[in-house]
Amino acid sequence: MMLLGRRAHSTAELRTKLRQREFSWQVVNNTIAECERLKLLDDREFASLYASELRQRGYGPFRIRNGLMKKGISREIIDSLLDATETPGAELERAVASIKGKLRTFQREPDLRKRRDKAYRFLAGRGFSSSIISEAIDKYGEEFRN
């Protein structure tokens with residue numbers, strides 16, 4: 001209960017943490033079943049909250065998918081969640097906002113081609129697709145045009 005009191009966990013995370021504390025498999029499985037029964041543990045709800053947090057921090061769908069997989073969320077849940085919540089318009093807005101947040105860093109580079117490349121790599125590292133990255137850089141304007 002102390003683990004769940006600190007923050008939400010996925011089933012896989014809780015299972016790993018309990019096993020690290022050397023609880024038996026039977027105790028771990030019974031604990032997880034009881035937590036699920038009491039609605040203290042729900043992978044869909046956890047995935048939704050975690051994906052929303054990552055979106056607010058300016059990450060793209062590839063990075064969100066990877067983050068959820070690292071937390072032990074099933075592909076089925078990830079696919080249904082991202083299909084239901086990701087829209088191209090919102091993804092583009094997050095990409096543009098990310099560029100704006102790092103604009104001073106990009107402006108230090110006098111070469112426009114290198115500036116554009118740095119912005120591209122930055123957005124790719126945040127999990128945006130190449131088409132969204134190109135669109136965001138083009139949409140932002142003169143800061144990245146050759």
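**Exercise 1. Find which residues form a nonpolar patch on the surface, and place Leu38 in it.**

Step 1. Met1, Leu38 and Leu40 make up a nonpolar patch on the surface, and together they offer about 320 Å² of accessible area. A patch takes residues with over 30% relative accessible area and no salt bridge, joining like charges within 9 Å and nonpolar side chains (Val, Leu, Ile, Met, Phe, Trp, Tyr) within 5 Å. Areas come from the Shrake-Rupley method with a 1.4 Å probe, and for residues only the protein chains shown count as cover.

Step 2. A word on what you're looking at: this is a predicted model, where local features need pLDDT of at least 70 and side-chain atom pairs count only at pLDDT 80 or more, while totals for chains, interfaces and linings use all residues. Residues are numbered from 1 along each chain as its sequence is written, and side-chain values use heavy atoms, with hydrogens and water left out.

Step 3. Now look at Leu38. It sits in the loop between α3 (25-37) and α4 (43-56). Helices (H or I, at least four residues) and strands (E, at least two) are DSSP runs numbered from the N terminus. With a relative accessible area of 42%, Leu38 is partly exposed; buried is under 20%, exposed is over 50%, and partly exposed is in between (1.4 Å probe, protein chains only).

**Exercise 2. Describe the overall build of the protein chain.**

Step 1. Start with the elements: there are ten helices and zero strands.

Step 2. Next, check the spread. The radius of gyration of the protein chain is 20 Å, whereas a compact globule of 146 residues would come out near 15 Å. That radius is taken over C-alpha atoms, and the globule rule is 2.2 Å times the number of residues to the power 0.38. Along the principal axes, the C-alpha atoms fill a box of roughly 65 × 30 × 20 Å.

Step 3. Then look at the surface. The protein chain has about 9100 Å² of accessible surface, 49% of it belonging to carbon and sulfur atoms. Of the 146 residues, 39% are buried.

Step 4. Finish with contacts, meaning heavy atoms within 4.5 Å. Take those between residues at least 6 apart in sequence: 62% join residues at least 24 apart.

**Exercise 3. Work out how many salt bridges the structure holds, and go through three of them.**

Step 1. The count is eight. To qualify, a side-chain nitrogen of Lys or Arg must lie within 4 Å of a carboxyl oxygen of Asp or Glu.

Step 2. Take Glu13 and Lys71, whose closest N and O atoms are 3.1 Å apart. This pair links distant parts of the chain, with Glu13 in helix α2 (residues 11-20) and Lys71 in the loop between α5 (61-70) and α6 (75-85), 58 residues apart. Both Glu13 and Lys71 are buried.

Step 3. Move on to Glu34 and Arg37, where the closest N and O atoms of the salt bridge are 2.6 Å apart. These two are three residues apart in helix α3, so about one helical turn separates them. Glu34 is partly exposed at 35% relative accessibility, while Arg37 is exposed at 55%.

Step 4. Last comes Lys118 with Glu109, at 3.4 Å between the closest N and O atoms. Lys118 is partly exposed, its relative accessible area being 35%, but Glu109 is buried at 13%. Elsewhere, salt bridges that share partners tie Arg7, Glu13 and Lys71 into one network.

Step 5. Stay with Glu109 for a moment. You'll find Glu109 in the loop between α8 (103-107) and α9 (112-125). Neighbours within four places in sequence aside, Glu109 is in contact with Lys114, Arg115 and Lys118.

**Exercise 4. Classify the two aromatic pairs of the structure.**

Step 1. A pair of aromatic rings is described by the distance of the centres and the angle of the planes. Rings of Phe, Tyr and Trp (its six-membered ring) pair if their centres lie within 6.5 Å; planes under 30 degrees apart are stacked, over 60 edge-to-face, and the rest tilted. A search of the whole structure turns up two pairs.

Step 2. Phe46 and Tyr50 are stacked, at 5.8 Å centre to centre with 5° between the planes. Being four residues apart in helix α4, Phe46 and Tyr50 are separated by about one helical turn. Both Phe46 and Tyr50 are buried.

Step 3. Phe106 and Phe122 are edge-to-face, at 5.9 Å centre to centre with 70° between the planes. Phe106 lies in helix α8 and Phe122 in helix α9, so this pair ties together parts that are 16 residues apart in sequence. Phe106 and Phe122 are both buried.
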